[in-house]
Amino acid sequence: MNRWIQTIPLIWALSWVSVAAADNHKDWRKDGTLEEKVAHIIQTLPSTANIMIEIGKRYQDLYWAAKLGKWEFAQYQVEEIEGLLEVLQITRPGRAASTQVFLDKGLTGFEAAFKSKDWNTFSRAFQNMHAQCMSCHIVNDHAFIVLPVAPAASSSLILNLPQK
Ligand code: HEC
């Protein structure tokens, strides 16, 4: 038999091996079962740590926006922090109750501060927020994550502060 004809079955077999390998990396978004899709989506929901990194940044920006008298930008940060915590209540139901305590107690005083555009009123609201952030860290066994009462810097492009 011709040598080439002899190799045809081998090529055919190898092509199936590569199809099988590709199958291991199938796109679950298109080809997965509903269970797989739901499991993958749940697995990739933002974690507490993911959300906290953003909240931490907004906490810095909030402080510095107020310090620079950029009250609307400060108010926007409070709204975004509130929104992020509402997302956390969905993605991490085990933390929903302690997050609710923060939502009830940690945002008071800001409305008056943004209305009066007064630093001292803001400062009191911010100190109260700080205390409530910390009590949630404590009840969630993360007391070692200690937030500064007066963040030293903000990297916000909008505030455009010189970077240390
Ligand atoms: C649910 C209660 C809760 C509230 C409310 C809360 N935190 Fe957290 N925070 C946590 C937990 C829990 C962690 C540890 C992350 C983890 O376990 O994945 C954390 C971690 C952090 C971190 C460290 C993130 C990192 O990985 O480096 C920062 C920064 C932070 N929080 C800022 C804040 C600020 C600012 C506030 C208030 C505006 C706040 N947190 C309010 C529970 C909370």
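## Close-up views of an all-helix chain and its ligand

**View 1. Helix H4 gives the largest share of the shell around the ligand, 7 residues.** This is a predicted model. In total, 22 residues surround the ligand. The closest are Ala-49, Met-52, Gly-56, Cys-133 and Cys-136. Four helices each supply at least two residues of this shell: H4 (48-67), H5, H6 and H8 (119-139). By class, the shell holds 13 nonpolar, 8 polar and 1 charged residues.

**View 2. The chain is built from 8 helices and 0 strands.** Read from the N terminus, its elements run α-α-α-α-α-α-α-α. The chain has 164 residues, and buried ones make up 15% of them. Now take the contacts between residues at least 6 apart in sequence. Of these, 52% join residues at least 24 apart.

**View 3. Helix H5 packs against helix H6.** Two packed helices are described by the angle between their axes and the distance between the axes. H5 covers residues 71-91, and H6 covers residues 96-105. Their axes lie 9 Å apart, at an angle of about 160°. Angles over 145 degrees count as roughly antiparallel, so H5 is roughly antiparallel to H6. The crossing of this pair is left-handed.

**View 4. Eight-helix chain, one contact: the residues where H5 meets H6.** From H5 come Glu-82, Leu-85, Leu-88 and Gln-89. From H6 come Ala-96, Thr-99, Phe-102 and Leu-103. What classes do the residues of this contact divide into? There are 5 nonpolar, 2 polar and 1 charged.

**View 5. Helix H6 also crosses helix H8.** The axes of H6 and H8 come within 10 Å. They cross at roughly 170°. That angle makes H6 roughly antiparallel to H8. Is the crossing of H6 past H8 left-handed or right-handed? H6 passes H8 in a right-handed crossing.

**View 6. The contact of H6 with H8, residue by residue.** H6 brings Ser-98, Thr-99, Val-101, Phe-102 and Lys-105. H8 brings Gln-132, Cys-136 and Val-139. By class, the contact has 4 nonpolar, 3 polar and 1 charged residues. Thr-99 and Phe-102 of H6 take part here, and both also belong to the contact with H5. Cys-136 of H8 has a second role in these views: it is one of the closest residues to the ligand.

Notes. Residues are numbered from 1 along each chain as its sequence is written. This is a predicted model: local features need pLDDT of at least 70, side-chain atom pairs count only at pLDDT 80 or more; totals for chains, interfaces and linings use all residues. Axes are lines fitted to C-alpha atoms, for helices over the stretch in contact, and angles run from 0 to 180 degrees between N-to-C directions. Angles under 35 degrees count as roughly parallel, over 145 as roughly antiparallel, 65 to 115 as roughly perpendicular and the rest as oblique. A crossing is left-handed if the near helix is turned anticlockwise from the far one by less than a right angle, and right-handed if clockwise. Two residues are in contact if their C-beta atoms, placed from the backbone, lie within 7 Å. Ala, Val, Leu, Ile, Met, Phe, Trp, Tyr, Cys and Pro count as nonpolar, Asp, Glu, Lys and Arg as charged, and the others, Gly among them, as polar. A residue is near a molecule or strand if its C-beta atom, placed from the backbone, lies within 6 Å of it. A residue is buried if 20 or more other C-beta atoms lie within 10 Å of its own, exposed if 12 or fewer, and partly exposed in between; C-beta atoms are placed from the backbone.
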